[in-house]
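Reader: Please take me through one part of this model in detail: the place where the two chains meet. I would like a connected account rather than a list.

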Amino acid sequence: MAVFPWHSRSRNYKAEFASCRLEAVPLEFGDYHPLKPITVTESKTKKVSRKGSTSSTSSSSSSSVLDPLSSVLDGTDPLSMFAATADPAATVTRPLDSSRKRRDRDENSIVGSDFEPWANKRGEILARYTTTEKLSINLFMGSEKGKAGTVTSAMSEKVRTRLEELDDFEEGSQKELLNLTQQDYVNRIEELNQSLKDAWASDQKVKALKIVIQCSKLLSDTSVIQFYPSKFVLITDILDTFGKLVYERIFSMCVDNRSVLPDHFSPENVNDTAKETCLNWFFKIASIRELIPRFYVEASILKCNKFLSKTGISECLPRLTCMIRGIGDPLVSVYARAYLCRVGMEVAPHLKESLNKNFFDFLLTFKQIHGDTVQNQLVVQGVELPSYLPLYSPAMDWIFQCISYHAPEALLTEMMDRCKKLGNNALLLNSVMSAFRAEFIATRSMDFIGMIKECDESGFPKHLLFRSLGLNLALADPPEGDRLQILNEAWKVITKLKNPQDYINCAEVWVEYTCKHFTKREVNTVLADVIKHMTPDRAFEDSYPQLHSIIKKVIAHFHDFSVLFSVEKFLPFLDMFQKESVRVEVCKCIMEVFIKHQQEPTKDPVILNALLHVCKTMHDSVNALTLEDEKRMLAYLINGFIKMVSFGRDFEQQLSFYVEARSMFCNLEPVLVQLIHSVNRLAMETRKVMKGNHSRKTAAFVRACVAYCFITIPSLVGIFTRLNLYLHSGQVALANQCLSQADAFFKAAISLIPEVPKMINIDGKMRPSESFLLEFLCNFFSTLLIVPDHPEHGVLFLVRELLNVIQDYTWEDSSDDKIRIYTCVLHLLSAMSQENYLYHIDKVDSNDSLYGGDSKFLAENNKLCETVMAQILEHLKTLAKDEALKRQSSLGLSFFNSILAHGDLRNNRLNQLSVNLWHLAQRHGCADTRTMVKTLEYIKKRSKQPDMGHLTELALRLPLQTRT
Amino acid sequence: MGTSLDIKIKRANKVYHAGEVLSGVVVISGKDSIQHQGVSLTVEGSVNLQLSAKSVGVFEAFYNSVKPIQIINSTIEMVKPGKFPSGKTEIPFEFPLHVKGNKVLYETYHGVFVNIQYTLRCDMRRSLLAKDLTKTCEFIVHSAPQKGKLTPSPVDFTITPETLQNVKERALLPKFLIRGHLNSTNCVITQPLTGELVVESSEAAIKSIELQLVRVETCGCAEGYARDATEIQNIQIADGDVCRSLSVPIYMVFPRLFTCPTLETTNFKVEFEVNIVVLLHADHLITENFPLKLCRM
């Protein structure tokens with residue numbers, strides 16, 4: 001094959017540029033321009049009806065043009081659409097036929113979303129009230145022969161079985177499960193819950209009832225009393241299930257073929273069968289022998305009263321409330337009350353009276369807690385009063401919460417007064433504080449502190465009281481004048497707490513109050529106190545969550561880090577986190593807040609020192625087992641910090657900071673990358689300050705920066721990261737007139753290319769690397785254009801070296817990337833052969849001025865071109881196979897285009913080559929006709945330009961293949 | 001599956017009064033057509049009396065059970081011999097509940113020694129090869145509401161060691177004072193028994209307080225009569241050591257079928273009583289008895 005010589009077209013970049021440039025038109029204010037910032041003038045979420053009006057939410061300041069992004073969204077963005085439709089949803093679903101009056105009542109009878117539901121409390125109780133003691137479930141499933149004693153004597157067998165059928169679960173078996181661990185117990189209960197559902201599903205209604213009765217019987221058992229609150233939660237879950245099943249069953253019986261019962265039906269609409277079934281349930285339950293199961297089961301189906309009469313529920317609630325008076329054990333009874341309140345709130349929240357009645361009844365029985373029966377029981381179980389009383393809290397909190405929900409101030413005041421009157425009322429006080437509105441409590445803080453102080457030391461633990469008070473004060477502000485006094489009074493007590501656990505639980509809550517209302521001085525004092533209490537015996541080890549939350553609260557209130565770190569005890573406080581995982585978590589929190597709130601770059605040595613320490617801690621936690629995500633997170637946080645450090649004009653200080661940072665964070669690649677970028681930026685800043693003329697001093701400094709990059713890059717792992725950084729740093733070095741350093745970067749990059757693997761890992765997936773390499777090389781070429789040749793090396797030594805590397809690289813057989821690169825090289829070489837290059841770097845002489853269009857240089861250049869072209873043509877030849885024809889055609893066309901753009905077509909051989917290529921592209925019918933037509937049109941258009949007349953002739957020689 | 005016979009009574013609760021018309025449908029279903037010798041429907045009502053072994057000897061109890069007293073017994077032929085088509089056939093019926101002579105439709109009552117029961121029986125006679133089909137179904141009779149107003153008869157009571165009878169050693173009893181009242185001992189059977197009970201004081205801890213509903217059945221027979229008291233149900237109203245001087249409600253629903261308005265006839269009597277039973281921790285059992293008069297309004 002003949003070797004084609006290359007003749008590059010000589011170009012006058014300036015003229016071309018001028019001819020291509022659009023006429024600049026000054027923009028009037030108010031004119032439309034696509035890149036002008038869009039200002040949203042109004043957002044119309046309210047207007048959105050269900051169909052969504054299509055009016056645009058945003059309009060640019062120019063008159064009527066829509067922002068294409070927002071107009072796509074059909075008016076509103078989907079998020080605000082959700083918000084807008086969520087609201088009216090409730091009104092839409094409401095039955096239309098209901099009269100207005102009824103609707104008003106409905107609204108009253110629906111508990112608002114501001115009422116904290118039971119579901120929230122559930123988990124908390126289960127987590128808090130646990131035991132390590134062995135539990136037992138005693139299901140009296142056998143008939144109670146002999147147990148019932150005297151009264152059964154004369155009963156005939158038939159009647160007895162009939163009556164006791166209810167008490168039996170599985171005939172003739174009495175199951176007592178002893179020695180259960182807490183988890184076993186929970187599992188058993190869950191099994192029972194499941195068997196209840198199964199029994200119900202298989203239509204064994206009586207069995208289902210038996211299960212429920214047996215379960216609620218467990219609630220009368222107060223052995224292992226610490227577990228009682230959790231047991232209550234578990235068992236009432238079963239009761240809830242049962243209540244739901246019964247209600248749904250009866251409800252489904254009311255559904256005739258003709259009509260479905262509306263949600264708010266009246267008893268007249270209920271058919272007789274449903275009523276009879278419902279009545280049957282109530283009769284069955286009324287004959288349950290024992291009080292506690294009878295109460296619980298009836299309460300669980302309270303809602304079913306709706307089927308029988310309108311006033312059913314309002315008659316039942318007071319009766320059930322009274323019934324609880326029969327429960328002797330105060331703990332059992334208070335939980336029964338809580339359950340009743342819970343059901344009551346759910347079914348008929350408008351019936352407040354029975355809630356109040358429950359509360360007042362409870363007050364009447366309050367003295368029982370200190371009675372003999374309870375005391376004896378505690379002695380037997382070995383439970384102290386201070387750990388017994390908090391068992392009441394969940395139930396009482398719930399009752400109080402129900403009552404105080406939307407309650408008038410007067411009622412709350414009355415309740416408080418009643419509580420005050422009772423002796424040893426710490427327990428009540430605590431529940432008042434946890435259930436009532438925070439504002440109510442906060443305005444009376446001083447009163448409460450007084451009351452807490454008066455409480456009996458032996459009963460309810462005081463630290464819990466202060467904790468509850470603190471929780472309220474975190475939510476609502478006490479009167480301005482009292483604030484300091486409140487803190488002093490409270491802390492006086494808190495600091496005296498001996499048990500570190502009690503202490504920290506209390507302190508944790510009060511830190512929030514302190515941060516909110518006081519300065520760093522007070523916070524410092526508080527932190528110092530915490531350290532003092534938590535250090536002995538390494539008590540902090542058991543309280544990491546609380547300590548962590550203290551840190552969170554402090555940093556949430558102190559956004560100014562110079563203030564934060566000037567709190568003397570803050571860093572010593574951090575030192576208490578000695579377990580690494582916790583420590584790292586805390587550090588992360590701090591950094592997150594820093595990144596979020598730090599506005600200005602800083603050089604404050606206090607902040608720098610402290611945060612470097614924090615970052616170092618995070619960095620040092622990285623090991624071989626650290627997850628990628630975790631690493632990314634840490635790197636992000638550290639980078640955020642590095643970006644925020646600035647010493648202003650003190651560049652040397654800045655560089656030495658980066659040096660220090662590099663030594664500290666060497667294990668996190670993204671941080672190193674950030675550092676390299678930062679240093680590069682620093683070099684460019686310096687150049688900017690010196691306006692491009694480096695003094696001896698700054699030149700040395702810039703070289704130091706370059707050196708920093710040069711020695712840092714090899715320590716990175718990602719191959720393209722390294723390549724790009726070499727290129728980038730090389731550009732920076734070039735810009736700063738460090739020519740030999742730039743050469744070193746480029747050489748390093750070239751020598752790295754052979755190491756590029758075939759496949760690289762991107763986001764956990766293996767991808768072929770060629771496209772990345774192609775991209776990098778193209779970028780590299782455009783830089784090489786302006787890199788001046790080294791006087792001691794041959795002409796274009798970097799390009800040659802790079803070409804050798806490309807030649808030796810093992811390319812994918814099925815891809816044409818190598819040829820694409822060669823085409824780019826051809827472009828580069830054509831650009832290099834110009835008299836004046838397209839671009840330059842200030843103060844760097846590129847080859848155009850070095851060689852000044854020397855013919856030897858041009859000859860070298862052309863020789864290189866010939867070699868490259870030979871390579872391209874060789875490759876095109878190998879593609880003459882069936883499966884590769886398409887590739888041949890497109891490559892041929894692209895080569896044609898390159899020649900058209902960069903070659904001098906007045907040269908006959910080149911001209912001939914281009915015609916051949918044109919034919920090659922069309923030969924097998926693989927070419928896209930439209931592209932060909934366009935290309936031809938372009939050539940014709942070009943030919944009209946001055947000095948391009950020869951193209952007219954070429955165009956004539958390029959036939960268009962017509963499709964048959 | 002062959003042929004099935006079922007009776008459906010119109011009223012869901014199956015409750016009827018004397019003079020009313022008992023109505024419903026007999027449902028006959030089968031895959032194939034059913035050949036039969038006629039279908040008849042019988043209403044039966046009777047009082048069964050049983051003598052307890054305690055009152056008369058075992059043998060007498062066994063042999064001498066008193067003959068049932070028939071209240072109502074009538075049969076109607078519903079369908080003449082013939083054939084039912086395959087599938088489901090519903091035959092409606094109406095039965096006026098009238099008694100002959102001076103007999104009374106007593107209220108349904110399931111007791112131990114006295115049982116008052118009403119049944120509806122459907123018989124399908126079939127040829128020799130196939131068995132006759134029978135289906136019985138109980139229905140409930142409520143006696144007519146009593147005329148006139150019920151006069152409430154509240155009872156106050158106080159229980160102390162001194163008020164107790166048949167105590168062996170009164171000195172050994174722990175001291176206690178329990179006060180209370182029943183709102184009425186004349187009770188409407190559909191309304192619960194209500195009242196209040198207050199433990200004013202008690203030396204011993206209280207284990208449980210229960211309401212025991214007792215039936216007292218009396219059967220007349222040749223040798224005289226037998227009177228037996230048995231428990232119907234026992235309802236706990238207090239569990240554990242209840243709070244002192246806080247009233248605990250007394251509340252008991254009268255169970256259906258097992259109770260009826262107090263009944264007194266020449267042959268038998270059904271009466272009811274309630275016992276308030278207090279169990280103390282030292283296993284002392286204190287009972288206070290109140291006769292009740294139940295009626296239907």
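Author: Two salt bridges are counted between chain A and chain B. One of the pairs that meet in a salt bridge is B:Glu210 with A:Arg289, at 3.7 Å from N to O. The model is a predicted one, and the polar contacts across this interface come to 11 residue pairs, with both residues at pLDDT 80 or more.

On the chain A side, several helices each supply at least two of the residues that touch chain B: α6 (157-164), α10 (272-286), α11 (291-300), α13 (312-323) and α15 (352-365). The helix that gives the most is α10(A), with seven residues. Sorted by class, the side of chain A that touches chain B holds 15 nonpolar, 11 polar and 10 charged residues.

As for extent, 36 residues of chain A and 34 residues of chain B take part in the contact. The size of an interface is often stated as the accessible area lost when the parts come together. Between chain A and chain B the buried area is about 2,900 Å², and carbon and sulfur atoms give 58% of that area.

The nonpolar cores form the background to this. The largest has 308 residues, and those touching the most other members are A:Tyr388, A:Trp510, A:Val530, A:Leu547, A:Phe570 and A:Leu777. Helix α9 (residues 228-253) of chain A contributes the largest share of this core, 14 residues. Beyond its neighbours within four places in sequence, A:Leu777 contacts A:Ile753, A:Leu802, A:Ile806, A:Trp811 and A:Ile821. A second, separate core has 80 residues, including B:Ile28, B:Phe113, B:Ile178 and B:Phe272.

Notes. Residues numbered from 1 in each chain as written. Chains lettered and ligands numbered in written order. Predicted model: local features only at pLDDT ≥ 70, side-chain atom pairs only at ≥ 80, totals over all residues. Heavy atoms only, no water. Contact = heavy atoms within 4.5 Å. Buried area = accessible area lost by both parts, 1.4 Å probe. Salt bridge = Lys/Arg side-chain N within 4 Å of Asp/Glu carboxyl O. Polar contact = N/O pair within 3.5 Å; in protein donor to acceptor, adjacent residues only side chain to side chain. Helix = DSSP H or I, 4+ residues; strand = E, 2+ residues; numbered from the N terminus. Nonpolar A, V, L, I, M, F, W, Y, C, P; charged D, E, K, R; others polar. Core = buried A, V, L, I, M, F, W, Y, C linked by side-chain atoms within 4.5 Å. Buried < 20%, exposed > 50% of the residue type's maximum accessible area, 1.4 Å probe, protein only.
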